[in-house]
Amino acid sequence: MLRLCLSRGPQVFLHTRSLLSTSSRALMDLKALVSSLNDFASLSLAESWDNVGLLVEPSPPHSVGTLFLTNDLTEEVMEEALHCKANLILSYHPPIFRPLKRITWKSWKERLVIQALENRVAIYSPHTAYDATPNGVNDWLAKGLGACATSPLQPSTSPSYPSGHSHRVEFSMDSSQAVESFLAALQVIPGISVSTLPSRSQGTEQTRIILSCSQTALLPVMGFLSKDSRLHENIEISSLQKPLLPNTGMGRLCKLVDAVSLKVVVERLKQHLGLPHVRLALGVGKTLDSLVTVAAVCAGSGSSVLQGVDADLYLTGEMSHHEVLDAVARGTSVVLCEHSNTERGFLLELKDTLAARLENKVQVVVSKKDRDPLEVV
């Protein structure tokens, strides 16, 4: 059940808040809760430029009775979270993105950090990890199109191989050669692992040597092997490809089970997102009655993910004017809903998911003050 937190006037909550009784709430250790959040959507799925994970941590030990969900952590939302006695705020967008050089009362983001620490409230942000994960933000957004089969536009790969190994180097040596001493000299190079197999070539007993090495180790390995022309001539080098993770990655390509008109899709999206209006750019030669069979979806600002994708429709929060013109010129219609409107509704679904995952040990509350800063007037 969603807990309603009535807002009071603007105020600053300080240490006196720690005196509030928490005896009526279940408590969960912050580290255990964060570990569960990381298991739900691995932070390794996030984009390299992102800032995800635990961003603000009160001094330990820290227990969580109320987990507060918001898309954007503004000062108004922080006030709401403190009034709801939140111990941990999960802010989809990271309130700390660029490095802070000082923590003062002069800027609103610095004030958020001060208030969080003074009131012993932790802040966690998943951002693009939730975009990529199965049943995450993009899968939720795709539901607004109707029944469809989806696949990631930019699939995620599994984490790096052990020790960052990126290449395999294979070659054979005659068993008559000093294999053991050769391998001992080779293993001085850091960043490699060695395995051997017995083999036979043209009736000659041989040892097949397989090296797994990092990108950094590849050059010294080749330099070492080039000293023996017999080895250098039979070397095979292959790049290790990390396997794709199923149903995981940025954006979604959605093939509708039943093609419907663009007009119907727009009405479905407005209902799914709870919006009275969306922005629509018709592709060249298209009308509201044109059928939509394939749609490309990316929550937030999706132009870099959607660019060049062959689809009847692009659905995202925002794109630049010229990016919209490029899509329209290719005959692709574009629906823009504003950045956070394509993300926020996922929180209600996330609330139920996390409550079950945490076995209802923690109360999960969704912000009612969080909203897109833009509106049609």
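This passage describes strand pairing, the nonpolar core, aromatic pairs and salt bridges in a predicted model.

A good place to start is strand S5, which spans residues 88-91. Both of its faces are covered, with Leu 88 and Leu 90 buried on one side and Ile 89 and Ser 91 buried on the other. Strand S4, made up of residues 66-70, pairs with S5 in the parallel sense, and four bridges connect the two. Within this pairing, Phe 68 stands opposite Ile 89 of S5. Between S4 and S5 the chain passes through helix H2 (residues 75-83), giving a β-α-β crossover that is right-handed.

On to strand S6 (residues 122-125), which runs parallel to S5 and is joined to it by three bridges. Here Leu 88 finds its bridge partner in Ala 122 of S6. The connection from S5 to S6 goes through helix H3 (residues 108-118), and this β-α-β crossover is right-handed.

Residues of these strands reappear in the nonpolar interior. The largest nonpolar core has 48 residues, and those touching the most other members are Leu 67, Leu 69, Leu 88, Leu 90, Tyr 130, Leu 145 and Leu 350. Leu 67 offers a helpful view of the packing: leaving out residues up to four places away in sequence, Leu 67 touches Leu 88 and Leu 90, and also Leu 354, Leu 358, Val 362, Gln 363, Val 364 and Val 365.

Aromatic side chains add their own set of contacts, with five aromatic pairs in the model. In one of them, the ring centres of Tyr 130 and Phe 346 are 6.1 Å apart and the planes meet at 75°, so this pair is edge-to-face. Tyr 130 belongs to helix H4 (residues 128-132) and Phe 346 to helix H12 (residues 346-357), so the contact ties together parts of the chain that are 216 residues apart in sequence. Tyr 130 and Phe 346 are both buried. A second example is the pair of Phe 182 and Phe 224, which is tilted because the planes lie at 50°, with ring centres 5.3 Å apart. This pair, too, links distant parts of the chain, with Phe 182 in helix H6 (residues 179-186) and Phe 224 in helix H7 (residues 215-225), 42 residues apart. Phe 182 has a relative accessibility of 16% and therefore counts as buried. Phe 224, at 19%, also counts as buried, given that the cut-off for this class is under 20%. Returning to Tyr 130 and Phe 346, ring pairs link these two residues with Phe 40 into a cluster.

Charged side chains come next. Side chains of opposite charge can pair when their charged atoms come close. The structure holds twelve salt bridges. One of them joins Glu 349 to Lys 143, with 3.0 Å between the closest N and O atoms. Glu 349 lies in helix H12 and Lys 143 in the loop between helix H5 (137-142) and strand S7 (148-157), and the pair links parts of the chain 206 residues apart. Glu 349 counts as partly exposed because its relative accessibility is 26%. Lys 143 falls in the partly exposed class as well, at 48%.

Arg 208 and Glu 170 also meet through their side chains in a salt bridge, at 3.5 Å from N to O. Arg 208 lies in strand S10 (residues 204-214) and Glu 170 in strand S8 (residues 165-174), so this bridge ties together parts that are 38 residues apart in sequence. Both Arg 208 and Glu 170 are buried. In the salt bridge between Glu 205 and Arg 200, the N to O distance is 2.1 Å. Glu 205 is partly exposed, with a relative accessible area of 41%, whereas Arg 200, at 56%, is exposed. Salt bridges with shared partners also join Asp 72, Arg 344 and Asp 370 into one network.

A final stop is Thr 248, which is placed in strand S12 (residues 244-261). With a relative accessibility of 5%, Thr 248 counts as buried. Apart from its neighbours within four places in sequence, Thr 248 is in contact with Leu 45, Ala 132, Thr 133 and Pro 134, as well as with Pro 152, Gln 154, Pro 155 and Ser 156.

Notes:
Residues are numbered from 1 along each chain as its sequence is written. This is a predicted model: local features need pLDDT of at least 70, side-chain atom pairs count only at pLDDT 80 or more; totals for chains, interfaces and linings use all residues. Side-chain values use heavy atoms; hydrogens and water are left out. Buried means under 20% relative accessible area, exposed over 50%, partly exposed in between (1.4 Å probe, protein chains only). Two strands pair if DSSP finds at least two bridges between them. A crossover is right-handed if, with the strands pointing away from the viewer, the path from the first strand over the helix to the second runs clockwise. A nonpolar core is a set of buried Ala, Val, Leu, Ile, Met, Phe, Trp, Tyr and Cys residues joined through side-chain atoms within 4.5 Å. Contact means heavy atoms within 4.5 Å. Rings of Phe, Tyr and Trp (its six-membered ring) pair if their centres lie within 6.5 Å; planes under 30 degrees apart count as stacked, over 60 as edge-to-face and the rest as tilted. A salt bridge is a side-chain nitrogen of Lys or Arg within 4 Å of a carboxyl oxygen of Asp or Glu.
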